[in-house]
Amino acid sequence: MTELDYEKGYVFDLMEQGGPTDVREPYFKDAVDEMMRARVLCAKANACMPDDPSYVGYLEELFGRKLDDVRILTPFICDFGNKVKFGKGVFINHSAILSASGGIEFEDGSMAAPGLRIATINHDMNERHAIYTYGKVTVKKNAWIGMNVTICPGVTIGEYAVVAAGAVVTKDVPDYAVVGGVPAKVIRMQDPSEQRE
């Protein structure tokens, strides 16, 4: 098929559905263009001194929204700014890497310590250089992600959940759970009545 056989943005529809996508198809050019746009804007933001508030403008361009209710510290890397959504009061500490092609959503009040890693893409076992699948990651309201946590494709972190430092999260985390380890497992449950907004 030629490029004209696909609607512009078709690759993002495929990603939304979980794939697969094939890098050899002409439709994948839109994904390559977005990756380059995102990498350039992240590089510009990361080149600013930390006390220079102009870096926020590059991130606002990256995500296509004002970030007056979201705080992201640099250095910061995201490859698909058009696939990330933020609620209000979100905080992402420095050194986060968001591999966001499958979609990432941070709900209100969610926060992440330094070194967050989120993957939303996976490679086909046999055609790993060309065929990709996707799984959206959702970090729900007031969830707290510890330092150097890795979240794998398709995972939802529940409301008020806490993910301990260094955890690798491979499956959904229930609301109010405290999880840790590799792979992450439930350590205990919090009392919902003790939580504050």
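Is Asn142 buried or exposed?

Asn142 has a relative accessibility of 19% and therefore counts as buried. Buried means under 20% relative accessible area, exposed means over 50%, and partly exposed lies in between (1.4 Å probe, protein chains only).

The exercises below treat a predicted model, in which local features need pLDDT of at least 70 and side-chain atom pairs count only at pLDDT 80 or more, while totals for chains, interfaces and linings use all residues. Residues are numbered from 1 along each chain as its sequence is written, and side-chain values use heavy atoms, with hydrogens and water left out.

**Exercise 1. Backbone at Asn142 and Ser95**

Task: give the phi values of Asn142 and Ser95, and place both residues in the chain.

Solution.
1. Asn142 has phi near 60 degrees, a positive value in a residue other than glycine.
2. Asn142 sits in the loop between S12 and strand S13 (144-145). Helices (H or I, at least four residues) and strands (E, at least two) are DSSP runs, numbered from the N terminus.
3. For Ser95, phi is near 70 degrees, again positive in a residue other than glycine.
4. The loop that holds Ser95 runs between strand S5 (90-92) and strand S6 (96-99).
5. With a relative accessible area of 26%, Ser95 is partly exposed.

**Exercise 2. Cis peptide bonds**

Task: describe the peptide bonds that lead into Pro75 and Pro183, and locate the two prolines.

Solution.
1. From Thr74 to Pro75 the peptide bond is cis, with omega near 0 degrees.
2. Pro75 is placed in the loop between strand S2 (70-72) and strand S3 (76-78).
3. Val182 and Pro183 are joined by a cis peptide bond with omega about -10 degrees.
4. Pro183 belongs to the loop between S18 and strand S19 (185-189).

**Exercise 3. Sheet order**

Task: write down the strand order of the four-stranded open sheet and identify its edge strands.

Solution.
1. The order is S4-S7-S12-S15, and the pairing is parallel. Two strands pair if DSSP finds at least two bridges between them.
2. Strand S4 (84-86) and strand S15 (156-157) are the edges, as each pairs on one side only.
3. Strand S7 (residues 104-106) and strand S12 (residues 137-139) run parallel and are joined by three bridges.
4. Ile104 has Val137 in S12 as its bridge partner.

**Exercise 4. Aromatic pairs**

Task: classify the ring pairs Tyr10 with Tyr27 and Tyr160 with Tyr176.

Solution.
1. Rings of Phe, Tyr and Trp (its six-membered ring) pair if their centres lie within 6.5 Å; planes under 30 degrees apart count as stacked, over 60 as edge-to-face and the rest as tilted. The structure holds nine such pairs.
2. Tyr10 and Tyr27 are 5.4 Å apart centre to centre, with 80 degrees between the planes, and the pair is edge-to-face.
3. Tyr10 lies in helix H1 (residues 10-16) and Tyr27 in the loop between strand S1 (21-22) and helix H2 (29-47), so the pair ties together parts 17 residues apart in sequence.
4. Tyr10 is partly exposed at 31% relative accessibility, whereas Tyr27 is buried at 9%.
5. Tyr160 and Tyr176 are stacked: 5.2 Å centre to centre, 5 degrees between the planes.
6. This pair links distant parts of the chain, 16 residues apart: Tyr160 is in the loop between S15 and strand S16 (162-163), and Tyr176 in the loop between strand S17 (168-169) and strand S18 (177-180).
7. Both Tyr160 and Tyr176 are buried.
8. One aromatic cluster is formed by Phe63, Phe76, Phe86 and Phe106.

**Exercise 5. Salt bridges**

Task: for Lys29 with Asp33, Glu60 with Lys66 and Asp69 with Arg65, give the closest N and O distance, then the accessibility of each residue.

Solution.
1. Side chains of opposite charge can pair when their charged atoms come close. A salt bridge is a side-chain nitrogen of Lys or Arg within 4 Å of a carboxyl oxygen of Asp or Glu. By this rule the count is nine.
2. The values for the three bridges are as follows.

| Salt bridge | Closest N and O | Accessibility |
|---|---|---|
| Lys29 and Asp33 | 2.8 Å | Lys29 43%, partly exposed; Asp33 35%, partly exposed |
| Glu60 and Lys66 | 3.5 Å | Glu60 17%, buried; Lys66 55%, exposed |
| Asp69 and Arg65 | 3.3 Å | Asp69 26%, partly exposed; Arg65 24%, partly exposed |

3. Salt bridges that share partners also join Asp22, Arg24 and Glu127 into one network.
4. Lys29 and Asp33 are four residues apart in helix H2, so about one helical turn separates them.
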